[in-house]
Structure formats: C-alpha cells, structure tokens
Amino acid sequence: MKPIHQKIVSLALIGSLTAGSFAFAARVEEKKKDKQGHVKNVIMMVMDGTSAGATTLARWYKGAPLALDEMASGAVRTYSAESAITDSAPAATAMATGFKSNDKYIGILPSIVNSPGVASVPKEEAKKPVANVLEGAELQGKSTGIIATSAIQHATPAGFSAHVEHRNWFSDIAEQQVYQNIEVVLGGGKEALIPGSGKNNRKDNENLLEAIKEKGYDIVETRNELLHSKSRKIWGVFANDAMAQDMNRPYTRANEPTLAEMTKKAIETLSKDPDGFFLFVEGSQVDWAAHANDPVGIISEVLAFDAAVKEALSFAKKRNDTLVIAVSDHGNSGITIGNRNTDQTYPETPVSAYIEPLKKAKMTLDGALSRLQPDRSNLEEVAQLYGLDRLTAEEKKKLSESTDLRKTFAELLAARANLGFTTGGHTGEDVFLYTYGPNRPIGTFENTDLAHIMAKAMGFDLHKLNKRLFVDAKKEFEAIGATVAIDRTDAANPVLVVKKGKKIAKLPVNKNIMHIDNQTYELEGLTVYSGERFWIAKQAIHLFETAR
Ligand SMILES: [Zn+2]
C-alpha cells in the first residue's frame, strides 16, 4: 500500500511577508540528545479546550507563575481537515497520528478535506486507520501510559490509543485500549469496561475488567490503591464516567486521585522501563467548564492540569532525556479578561476587579448546582457556594425567573468578574505551545507537526509505521491466495475469517489477536474495522503464511 503523505503547505510563509521580524520558521533546539538525536521519554500533556484567556486568568487567580509559563515556546494551529474550528476527536487524531481529520473521527484518515493547504486523501484511503505515537513507542520497546480526568474512552485519550469512526463508540475504544499493551491507564470510564444497561456499558457482553485482570494489571479504584500499587502495570478506574472537578473533589469524591497524583505515579511506574516511556496526560475538563462559560471551573481545571505539568517538569529537569510537550487541542468559549463592563474603564480597572469575585466561589458551577434542592429552597445558599454572595435585587430577580440556572449562574458571575464569553462552543484561534527538554520545538506549528516531532524524538517514522500496522486485510490475504470473509454470528464482535487450503485464521475486531487453527498469536497491532474494511498488522500475513 502506498503511504499517504498529507502535506500541509506552510501558510505561515505568507504571513511572514507582513510579520516583519517575527520568526515563523519553526526551529528545534539542538542540545542534550543522544547520537541519533533521540530522547528516552516523551510526556505529552493536553489541556482540553483551553484558550489563552483561561491560562492568564488561572495565573492571576493563583497569584504566582504557572508551571507552564517557563515552557512557553510557540503556537499551534488547530483547525481540522474540514473546519476552521476543530472538535477534540480530529484534534487528538492530528496530534497523535500526524493527520488532520474529520469531526468524530478517532485515529483514522478524513473523508472530507477542504481546509486550505491540507492535501486531499484518496477516496480509497478515507477512514483508514493511521498509527499513533503511542503505538510507535510500544514498538520501540517503550512502556506507555494514558491518563485523563474524563472517561478514559473520551475523544482525546482515544485519539492516542484507538481507531474508530465515531468518538462516542466507547465500547470499541475501550476494547482497543485493553488490547494495546499500555502499561498504565488511569482515569474514569469504568462503565465502558463492563456489560450493563447504562449509557456507556458494554453491549457486546464482554467483561473487559476480567480481561484486564488476566493481563496482569493491578486494577485500582481509589487514590489509596493507586498510590500504594507496586505493580509495573496499573489500570485505574476511579469513576463510572468522568472524575470529579478538581475544586469539588474534597467535598464530593475525596477518594479519587488528583491529575498530578496520577501523573506522578504513572511517571514513577513507567520510568522503571530501561527503554523509556511515552505518557499521554489529559486535563479533560477545562473544556467542559469552558462550554458552560464557568470561569471557576476553568480555573479549577487549568490549575489541576498545571500541577500535573509541574510533576512532569520536575521529573524531566532531573535528567536530560525527557521531552515534555503541553498544549491545548483548541480554544473554547472565547473567554476574555474584560467585557462590555470595561469598555471605558479598563485602563484603570485593577486585577482584583476580575479575581476577587471568583475567589469567593467554594465550588465550580456544576459542583455548586449539585447541591440545589429540587424545590430550589436553598437557591441563595447554592449561589453563595458559587461566589454569588449578597445578591442584588436584580440578581435575585434573574435567578428566580431563570429557566436555566446553569446559564444564569455563569452569566451573573462573569458579569461580576468582568469576564467576556463569546460562545458556548469551541473557537479557532491558535493555542500556546509549551515544551521542555532536548530538541524542544520552538515556533509556530501545525497540530499534526507535534506527532512527527514526538515520533522523531523517539526514533520512528509514522509513515513507515502506517505500512507496518494497518494493511488492508482482504487485499493482502488475497494476494497470497487466501480467501477472507466476515463472520457476524456475534453482531457486536465481528471476526475476520481467513482460509487457505485447510488453514483457517480468525481475527476478532478491536483486538491484537489472531487464532490460526488451534494456536493463538498476539499481533503487534490492532485489528480495526473501519471504512467497511478490516485493517490488520502486516505481520499477520507473514504469520499466517508460515504457521505450522
Ligand atoms: Zn477538545
């Protein structure tokens, strides 16, 4: 199969004509590296849906520099193959695989390409799975880990560990994650691992928790269990769906670990591998707070993410072999410090006018609202939890008339804190790039560049990896004289059946397993059903030919 090179024309060059001395040309710092220029460890950290205004606000709130600050090294362009404003699935796909993709798509090529400068993808390649940096790291012999404060099957961690046509296909994503040989998996999303009747429970009747146990993981469900685990393989399921927002955790779910604790434990565990590690960390919930235009939630989650960055940074600073990248996948909410209140007054409005109203909040928007009685009898108490103390008559009126308290609470607090929000959705501006370590990238990058930078740092090439990990099963098996069919006896678990003479092979979807007659082989990649085709590791062809 021909490799697909999705070339992105550097629009930045056009910009440089007018940008004077601004250095658009991205460069790479040449220092501290081995002979091949490789690093041992890569830690990729994504704060979901975080605009620049969010980090500035979090810094003012904290009253001290963020751990991120010293790492600022450039900007990242986030648009998808089809849209100026990306959603998390194609954003994660871009950063993990090096390909801009389409809405909902996880780890597969786009079927619609219309963004300027993005090369089209041949029709027959649409929805083809493409290798991610975690898979590359595994094949380099490194240990790997994924961490999120959402369900671990959520779009961004999924982009770094799975290949499916829709981000909501938690069952398939969960199964693929279980069969990726990832050493440390920490987050929410227990629901998608076990059968049941819940929204995200498995409908294929497989109990993945059992599979995880059989694979030798230490399954931990609380902060204590995590911190005391001595295992080299840890699977943490700390919530059925999402984990608590950081600020609310002490009041609501104190037995969940913080993002910083998960990050520290993952680094301790993975760094025991002499070949190094790749770790993906997501602060998942800045995005959700931004969608709700909740400045308290945004601050809570940015600071929780920053504390995790501090752990990664403190590990990296003790050595010279670890590249840390932190970035947001896209902006969200158009958050601004300053709004229509400050049209005339901004030159003399002090920091306190923005921060003090926020400091009064004890919980995030959703945390406070979770305390509301169904009859709203404690409305003023709940408002106070969210920092809305000493309500004015006008505020009281707005609250009593509100049909959407979540919206009204957020609007009242934003008005008090002189913050602006332009949308409840994502936004298309560039995001900051933060990096630390050998060969750290400096400049303006495409989100897809990050995948190639990480791959190069770890010593592999994603285009080569694609030829190794995802070949068209039908085409390749037929080329060696075999026939293929799909067994859909169990509709939720289709199996690719390959026959040649008396030899029969079976490859279940979403797993890295091939049964040939009575033997079971573990493959170096997943079997993926996408674009109405089965995609398998090339190794499977050779194994089939040479078996027995
Ligand atoms: Zn996102």
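Here are four short exercises on this predicted model, each with a worked solution.

**Exercise 1. The zinc site**

Work out which residues coordinate the zinc ion and where Asp48 and Ser88 lie.

Solution. Start with the donor atoms: Asp48 gives two OD entries, Ser88 its OG, Asp329 an OD and His330 its NE2. Their distances to the zinc run from 1.7 to 2.7 Å. Next, read the donors along the chain, and you get the spacing D-x39-S-x240-D-H. Now place two of them: Asp48 sits in the loop between strand E2 (41-47) and H2, while Ser88 belongs to helix H3 (residues 88-97), so this pair links parts that are 40 residues apart in sequence. Finally, check accessibility: Asp48 and Ser88 are both buried.

**Exercise 2. Two helices that cross**

Classify how H2 and H12 pack, and say what kinds of residues make the contact.

Solution. First grab the geometry: H2 (residues 52-62) meets H12 (residues 295-317) at about 85°, and the axes are 9 Å apart. Angles of 65 to 115 degrees count as roughly perpendicular, so that is the label for H2 against H12. Then list who touches whom. H2 brings Ala54, Thr55, Leu57, Ala58, Tyr61 and Lys62; H12 answers with Pro295, Ile298, Ile299, Val302, Leu303 and Asp306. Sort the contact residues by type, and you end up with 9 nonpolar, 1 polar and 2 charged.

**Exercise 3. Tyr217 and Trp235**

Are Tyr217 and Trp235 buried or exposed, and what sort of aromatic pair do they form?

Solution. The model has 8 aromatic pairs to pick from. For this one, the ring centres are 5.2 Å apart and the planes meet at 85°. Planes over 60 degrees apart count as edge-to-face, so Tyr217 and Trp235 get that name. On the chain, Tyr217 lies in the loop between helix H7 (208-214) and strand E6 (218-220), and Trp235 lies in strand E7 (residues 234-237), so the pair ties together parts 18 residues apart in sequence. As for burial, the cut-off is under 20% relative accessible area. Tyr217 has 6% relative accessibility, so it counts as buried. Trp235 has 1%, so it counts as buried too.

**Exercise 4. Phenylalanines**

Describe the pair of Phe277 and Phe315, then find which residues cluster with Phe160.

Solution. Phe277 and Phe315 sit 5.7 Å centre to centre with 50° between the planes, a tilted pair. Phe277 is in strand E8 (residues 277-283) and Phe315 in helix H12, so parts 38 residues apart in sequence are tied together. Both Phe277 and Phe315 are buried. For the last step, Phe160 forms one aromatic cluster with Phe278 and Phe280.

How values were computed
Residues numbered from 1 in each chain as written. Predicted model: local features only at pLDDT ≥ 70, side-chain atom pairs only at ≥ 80, totals over all residues. Heavy atoms only, no water. Axes fitted to C-alpha atoms, helices over the stretch in contact; angles between N-to-C directions. Helix = DSSP H or I, 4+ residues; strand = E, 2+ residues; numbered from the N terminus. Parallel < 35°, antiparallel > 145°, perpendicular 65-115°, else oblique. Contact = heavy atoms within 4.5 Å. Nonpolar A, V, L, I, M, F, W, Y, C, P; charged D, E, K, R; others polar. Donors = N, O, S within 2.8 Å, 3.2 Å for Na, K, Ca; no water. Buried < 20%, exposed > 50% of the residue type's maximum accessible area, 1.4 Å probe, protein only. Phe/Tyr/Trp six-rings, centres within 6.5 Å; stacked < 30°, edge-to-face > 60°.
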